Amino acid sequence: MDWLSDIQELSYLAAAALFIIGLKKLGSPATARQGNRLAAVGMLVAIVVTLLDRQIVSFPAILVAMMVGGVIGAIAAYRVEMTSMPQMVGLLNGLGGAASASVAVGEFLRLVTTGEPLSPSILLTILLGVLIGGITLTGSLVAFAKLQGLIPGSPVLFPLQQVVNGALVIGFLGLSSYLFVDANQLSLFWGLTAIAAVLGILMVIPIGGADMPVVVSLLNSLSGLAASAAGFVVGNSMLIIAGALVGASGLILTQIMCKAMNRSLLSVLFSGFGSGQTGGSGSSGTTGSGSKAVRTLDSEEGAMMLGYAKSVVIVPGYGMAVAQAQHSVKELADQLERLGVDVKYAIHPVAGRMPGHMNVLLAEANVPYPQLKDMDDINPEFERVDVALVIGANDVVNPAARTNAGSPIYGMPILDVDRAHHTIVIKRSMSPGFAGIENDLFYKDKTMMMFGGAKDVLNQLVTEVKQL
């Protein structure tokens, strides 16, 4: 009946509005949870309305699948540590790509086996779904493996790598044309599916850990585009809209990440950034590269410097995430505030392994949102800051980005911690960051190093500050 169709479309419109409002609210840490809830309600509306569609074949099968998926999702939500969120996001991107590719494959097989006409427009959307979905699936799995440490996080390069990738793309496009002539070539279709899967692997393995925030956001965008293509395949407007929103927002976030690194998306995908190993390798922390020396201090001296400061800016990095030290950071900040110290947090857009990684961790530790400052807001204040406390951050605080034209990170916007009156760096060793280069900050006259795991060092500082 027409009125049922009208209700369905109006419900989809309401769900789309909730998605858009939810995305808007996700732009601020203070409203992110509310935005997530609104988007979840929109998705619930979309799912319920779709299930009421008379084209549904088997409600029991769908309900069983939803129950199994819901149980797995709930267990993952409760058990996965916040420090593992980048891996979780990468895996979810891959599952989104797999779902979209499965829809495209299933529709192709249905049309071919039933003998229904396969129009060029439907075949085109099926091929796009297979291509984008396949790349998203295997690319996300590689990103997950890199983030989880299952494979090396450094770029994996081999001769003629980009030539091979280009040949695979051209091969996919060329072989696809044969399907427009004869769509019954199932072996060719499975071959195209395999090419898409291989492309996803080869596109991500040459990308290093320093670029993981960009990769995660790009794969998120691709998962949305794959979902949108699946929407065209099955003729579902809600899937088209939701996929387009995810694709657009992911692409915007990718551009923001690239801007934060002062690099183009092409250089991220094809340069093998981070493959060099030019930094120092000292492990004791007493000397750096060559004759350059660093200054160290113990927990008592560090506590005195922090406790008697008027202002402290904490700069979290991936080292804090690895050590799961966000709660120790919050405890130290509470003790400093007890002494009257003004405490703020400086957040670099690409600190960590995914966009917003540091915000997520600090939110888990109940750090007040107003204390979280973006790079553009906090940089003008560093010259008036008594102590900048860097916890596990490396490339995002390296002054070489401003001064060394020969550095691979030259031109990348950084947090200007070297302009504070004093800088304390908590780090395990003098090893380089993901970019594979030495950090000039460590050798500055105003920089003091505290070597050790972030959580252990912070707990020592907390103990000493309590005695002030």
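1. Start with helix H11 (helices and strands here are DSSP runs numbered from the N terminus, H or I of at least four residues and E of at least two). Its buried residues (under 20% relative accessible area, 1.4 Å probe, protein chains only) pack against strands E2 (311-316), E5 (387-391), E6 (422-427) and E7 (447-451), and against helices H13 (326-338) and H17 (454-466); contact means heavy atoms within 4.5 Å. Those residues of H11 (299-307) are Ser299, Gly302, Ala303, Leu306 and Gly307. Down the axis of H11 they fall within an arc of 120 degrees, so they line one face of the helix; the arc is taken from the directions from axis to C-beta atoms.

2. A word on the model: it is predicted, with local features needing pLDDT of at least 70 and side-chain atom pairs pLDDT 80 or more, while totals for chains, interfaces and linings use all residues. Residues count from 1 along each chain as its sequence is written, and side-chain values use heavy atoms, leaving out hydrogens and water.

3. Now look at H5 (residues 120-148) and H8 (residues 212-234): their axes come within 8 Å and cross at roughly 155 degrees. The pair is therefore roughly antiparallel, a label for angles over 145 degrees. Their contact residues divide into 17 nonpolar, seven polar and one charged.

4. Two loop residues deserve a glance. Gln324, between H12 (318-323) and H13, has a positive phi of about 50 degrees without being a glycine. Asn366, between H14 (357-364) and strand E4 (372-374), also isn't a glycine, and its positive phi is about 65 degrees. Asn366 is exposed (over 50%) at 58% relative accessible area.

Definitions and conventions
Axes fitted to C-alpha atoms, helices over the stretch in contact; angles between N-to-C directions. Parallel < 35°, antiparallel > 145°, perpendicular 65-115°, else oblique. Nonpolar A, V, L, I, M, F, W, Y, C, P; charged D, E, K, R; others polar.
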